[in-house]
Amino acid sequence: MTRSSRTSPPPGTPVPPAQLGAPPPGSALGSHYSRCFGCGSDHPTGLHLAAVTPDSTTVEATFTVGEAHQGAPMLAHGGVLAAAMDEVLGMSVYLFRKPYVTARLETDYVLPVPVGTTLHLRAWCNGITGRKAYLEAEGRVGAPDGPVAVRAAALFVEVSMRHFAEHGDLAAITAEHQDYEVNP
Ligand SMILES: CCCCCCCCCCCCCC(=O)SCCNC(=O)CCNC(=O)[C@H](O)C(C)(C)COP(=O)(O)OP(=O)(O)OC[C@H]1O[C@@H](n2cnc3c(N)ncnc32)[C@H](O)[C@@H]1OP(=O)(O)O
């Protein structure tokens, strides 16, 4: 992955361990919001990401590219692939049990991804310092060890719940709040 300095942790930035209260290894993560474009089961054309955490600090997910996700005929739209990466990155940083939002997302598109492809996504944390979390993700074609089609690096910034109250719909967040979650 070609990362810019804005998504690369400063030297010595620690990678946090699994947090108390994080979902145990092997847990399915479910959806944080049923109308989320990335993971919501009620979104008619969303990505419907299905995710687990193998170790309470990283996330593995699958996303099958559908007709609604096309850019060129029968090929995935690059923005949709970036959205899939954003979602799995967001899921991984929330394992650290604080609310974060994407501040910067960088994407390398390595292979075209045809409609019908199942992408195996993985996201992990390279370090957290202050409010800034440095994350990386990849999407592989067909299997967890398949060829890499897309890579991403991101900076997420910790926010307070006020961020979502001021700019979004806190009641909707609270209505679907899950036990370990602190995010929208
Ligand atoms: C069960 C379910 C599982 C859970 C699943 C959950 C999945 C959820 C998935 C959801 C979907 C996925 C998630 C989504 O899609 S989240 C939706 C997309 N993101 C947003 O809407 C965020 C919009 N932006 C903002 O609100 C503000 O700009 C933020 C909050 C980010 C910062 O404004 P704020 O006023 O608060 O802070 P600050 O400006 O002092 O910045 C703080 C520090 O950060 C540095 N900085 C900031 N920006 C950048 C940048 N671009 N490049 C490099 N650096 C940047 C900055 O220099 C400073 O550094 P330093 O000077 O301290 O060193």
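This is a short chat about a predicted model of a protein with a ligand.

Colleague: What should I know about the numbering and the model?
Modeller: Residues are numbered from 1 along each chain as its sequence is written. The model is predicted, so local features need pLDDT of at least 70 and side-chain atom pairs pLDDT 80 or more, while totals for chains, interfaces and linings use all residues.

Colleague: How many helices and strands are there?
Modeller: The protein has 3 helices and 7 strands. Helices (H or I, at least four residues) and strands (E, at least two) are DSSP runs, numbered from the N terminus.

Colleague: And in what order do they run?
Modeller: From the N terminus on, β-β-β-α-β-β-β-β-α-α.

Colleague: Switching topic, which residues are closest to the ligand?
Modeller: His 32, Gly 90, Val 101, Ala 103 and Arg 104, out of 22 that surround the ligand. Here, near means a C-beta atom, placed from the backbone, within 6 Å.

Colleague: Which elements supply that shell?
Modeller: Helix 1 (78-93), strand 4 (100-109) and strand 7 (148-158) each give at least two residues.

Colleague: What about the largest nonpolar core?
Modeller: That core has 41 residues. Such a core is a set of buried Ala, Val, Leu, Ile, Met, Phe, Trp, Tyr and Cys residues joined through C-beta atoms within 7 Å. Buried means 20 or more other C-beta atoms within 10 Å of a residue's own, with C-beta atoms placed from the backbone.

Colleague: Which element gives the largest share?
Modeller: Helix 1, with 8 residues.

Colleague: How much of the whole protein is buried?
Modeller: Buried residues make up 33% of the 184.

Methods
Buried ≥ 20, exposed ≤ 12 C-beta atoms within 10 Å, placed from the backbone.
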